[in-house]
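Let's take a friendly walk through part of this model, starting with its strands and ending with its cysteines.

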Amino acid sequence: MIATFKPCTLAGAIDAPPSKSMAHRYLIGAALSGQVCTLSGVDYSDDILASIDCLKALGATITADGDSLIIDPSNFMQVTPPALQCRESGSTLRFFVPLALCLGKPVTLMGSERLLQRPLGIYEELCKDKGFTFLKNTTSMIVSGKLESGNYKLRGDVSSQFITGLIFALLYLGEESSIRVIPPFESRSYVNLTLSALQSFGANVCFSDEYTIAIKKSQMHAYCGRIEGDYSNAAFLDAFNQLGSYVEVGNLKADSLQGDQVYKSYFQQITEGTPTLDISDCPDLGPILFALASLKHGAVFTGTDRLKAKESDRGLAMHQELEKLGGGLIFGNNTITVPKQELHYRGIPLSGHNDHRIVMALSVILCQIGGSIEGVQAVKKSYPGFFGDIQGLGAKVDVR
């Protein structure tokens with residue numbers, strides 16, 4: 001699909017879509033609770049559908065009613081699952097590998113070629129240490145073992161999703177356990193999201209010190225609630241406000257634990273000057289921060305190495321597309337510099353790199369200068385209503 005833009009400004013009020021990060025965690029928390037739970041405010045993005053499919057494959061019964069889901073975990077983990085279809089969701093794959101290792105039998109997890117290229121070494125090392133099976137090819141992997149409660153150590157500088165996945169599994173196993181995070185501990189805020197979601201179901205999980213997570217015996221209970229709005233995707237809507245538009249973004253929890261709410265401070269700094277900003281704890285903001293900096297005064301970003309292991313190599317992808325517009329990025333040691341630049345559409349369609357956040361970041365740019373992006377269907381991964389939402393705010397964009 002191709003989106004073609006004309007320069008425009010946007011105006012109006014809109015709710016941020018539900019948080020994909022929280023939805024993953026609440027869905028799995030509901031399955032672990034052992035009780036029937038209802039979650040509302042669910043956005044059926046491709047990533048969330050992947051986690052729903054995996055929960056069903058593991059025996060949970062999930063019924064949809066509009067934007068609400070009823071989760072009945074009576075048979076969760078009591079079946080021999082077919083392959084777990086993770087699609088392109090890194091969260092789904094990393095969250096479900098440890099649960100699969102609780103079954104004591106071979107489990108196949110499948111996904112796109114790009115997904116299986118993303119880092120999984122922490123789980124591979126865990127399996128090697130325990131004598132478990134870990135076999136991976138271009139589109140699937142097989143794991144087999146019998147994970148036990150206990151004390152574990154995991155690196156904290158790759159992805160917090162590994163830590164979250166192991167928390168889920170150790171909570172399921174039901175005995176006292178701990179995870180010691182080897183610093184540096186990046187994306188700590190995402191682990192805080194995990195603990196907060198699980199505590200909603202009565203799970204006794206918490207930090208016992210700065211780097212140790214305690215998972216204790218828990219009497220979990222049902223939870224019924226609404227998924228909070230997503231700061232990660234709200235950033236793409238709010239970015240228009242830094243460029244002459246007036247968009248009021250609602251459905252954002254003021255006291256949210258989402259680390260990506262830092263975008264508000266970062267946007268202000270980019271608009272006012274040429275800041276140096278650390279994105280090691282908020283890598284999903286990288287593309288929109290690069291886009292905004294390219295339209296303002298430039299900026300320097302540190303903690304950028306993790307962008308290489310996302311749906312695309314996000315630094316390289318943004319560089320290639322900005323080059324088509326007469327700009328570009330400068331790469332250093334775990335840093336990316338966005339110089340001050342003048343961008344103009346030169347008739348060469350931009351590429352979305354099969355990455356939802358690249359598509360949305362480029363859309364913000366092209367609403368300023370006009371032009372086209374190919375592969376915009378990638379937004380279905382996290383924000384399927386993105387183009388309809390910005391059209392409703394006045395964006396002059398044709399998608400076909």
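In which sense do strand β10 and strand β11 pair? Strand β10 (residues 151-155) and strand β11 (residues 177-182) run parallel, joined over five bridges. This is a predicted model in which local features need pLDDT of at least 70 and side-chain atom pairs count only at pLDDT 80 or more, while totals for chains, interfaces and linings use all residues. Residues are numbered from 1 along each chain as its sequence is written, and side-chain values use heavy atoms, with hydrogens and water left out.

Helices (H or I, at least four residues) and strands (E, at least two) are DSSP runs numbered from the N terminus, and two strands pair if DSSP finds at least two bridges between them. Here are both pairings of β11 described in this report:

| Strands | Sense | Bridges | Bridge partners |
|---|---|---|---|
| β10 and β11 | parallel | five | Leu154 and Val181 |
| β11 and β13 (residues 212-215) | antiparallel | four | Ser178 and Ala214 |

Helix α6 (residues 160-173) joins β10 and β11 in a right-handed β-α-β unit: with the strands pointing away from the viewer, the path from the first strand over the helix to the second runs clockwise.

Now to the cysteines. With a disulfide taken as a pair of cysteine sulfur atoms within 2.5 Å, the count is zero. Cys127 is in no disulfide, as the nearest cysteine sulfur, that of Cys102, lies 11 Å away. Cys127 is also buried (under 20% relative accessible area, 1.4 Å probe, protein chains only), at 0% relative accessibility.

Why does Cys367 form no bond with Cys8? The sulfur of Cys367 is 3.8 Å from that of Cys8, its closest cysteine sulfur, which is too far for a bond. Cys367 is buried too, with 0% relative accessibility.

Methods. Buried < 20%, exposed > 50% of the residue type's maximum accessible area, 1.4 Å probe, protein only.
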